[in-house]
Amino acid sequence: MSKKVLVPIANGTEEIEAVCIIDTLRRAGAEVTVASVEATLQMTASRGTKLIADTSIVDCAGTVYDCIALPGGMPGAEHLRDCEILTVLLHDQRKAGRLYGAICAAPVVVLQHHGLLAGRVATCHPAFASQLENPVYIEKRVVVDGNCITSRGPGTAIEFALALVEALYDAEKGHEIGKQMLAAGW
């Protein structure tokens, strides 16, 4: 069964993280919607790469997703944080017990800012680790705490995406996709 996944992007989103999440989940068979939280669909990512969203976040309001996965990057994570529609979607996701995750700056800048890490064990980019309030900072590359998955940065993006695949489907599917991609440890 296909799973519905939302990957929001903004100007300043970390392109490696966004593309790894989108590509890996699509390889697993997920129906991934890339949504712009900006006024246009074309974004300039953190290192100048152009990314084009499938739709606007406005069109995603009220839609139920099996997973919402946030790439990091600055100031992209700040733009995600400031998007009211995305904030509502994330709160609904947590309340319903559905999967949500963030990588790099996004665990602190978005999830923590909106109270979505309260009581969770999490990780993030080392540059943001001192800002984690309630969660215990874990220097693991990927941390799974119930329906919340966090990761550290561009170098952990494929592992993060594969953890999302495992949570959405199962460990077998995660290993299958990881092996196809020649990911280390899979």
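**View 1. Packing of helix H5 against helix H6 in the predicted model.** Helix H5 (residues 157-168) and helix H6 (residues 171-180) have axes 7 Å apart and pack at an angle of about 145°. Their crossing is right-handed. H5 contributes Leu162, Val165 and Glu166 to the contact, and H6 contributes Ala171, Lys173, Gly174, His175, Ile177 and Gly178. By type, the residues of this contact comprise 4 nonpolar, 3 polar and 2 charged.

**View 2. Helix H5 and its buried residues.** From its first C-alpha to its last, the 12 residues of H5 reach 16 Å, close to the 16 Å expected at 1.5 Å a residue. Buried positions in H5 are Ala157, Phe160, Ala161, Leu162, Ala163, Leu164, Val165 and Leu168. Leu162 and Val165, listed here as buried, also take part in the contact with H6.

**View 3. The open sheet and its edges.** The sheet has 7 strands in the order E5-E2-E1-E6-E7-E9-E8, with mixed pairing. Strands E5 (55-56) and E8 (142-145) each have a single partner strand and stand at the edges, so one side of each lacks a neighbour in the sheet. The pairing of E5 with strand E2 (residues 31-36) is parallel and runs over 2 bridges. Thr55 in E5 is the bridge partner of Ala35.

**View 4. Helices H1 and H5 on the sheet.** Helix H1 (residues 15-27) packs on the sheet and touches strand E1 (4-9), E2, strand E6 (67-70) and strand E7 (99-103). The direction of H1 makes about 155° with that of E2. H5 lies across E1, E6, E7, E8 and strand E9 (148-151), and runs at about 175° to E7.

Methods:
Residues numbered from 1 in each chain as written. Predicted model: local features only at pLDDT ≥ 70, side-chain atom pairs only at ≥ 80, totals over all residues. Heavy atoms only, no water. Axes fitted to C-alpha atoms, helices over the stretch in contact; angles between N-to-C directions. Helix = DSSP H or I, 4+ residues; strand = E, 2+ residues; numbered from the N terminus. Left-handed = near helix turned anticlockwise from the far one by under 90°. Contact = heavy atoms within 4.5 Å. Nonpolar A, V, L, I, M, F, W, Y, C, P; charged D, E, K, R; others polar. Expected span 1.5 Å × (residues − 1). Buried < 20%, exposed > 50% of the residue type's maximum accessible area, 1.4 Å probe, protein only. Pairing = 2+ DSSP bridges.
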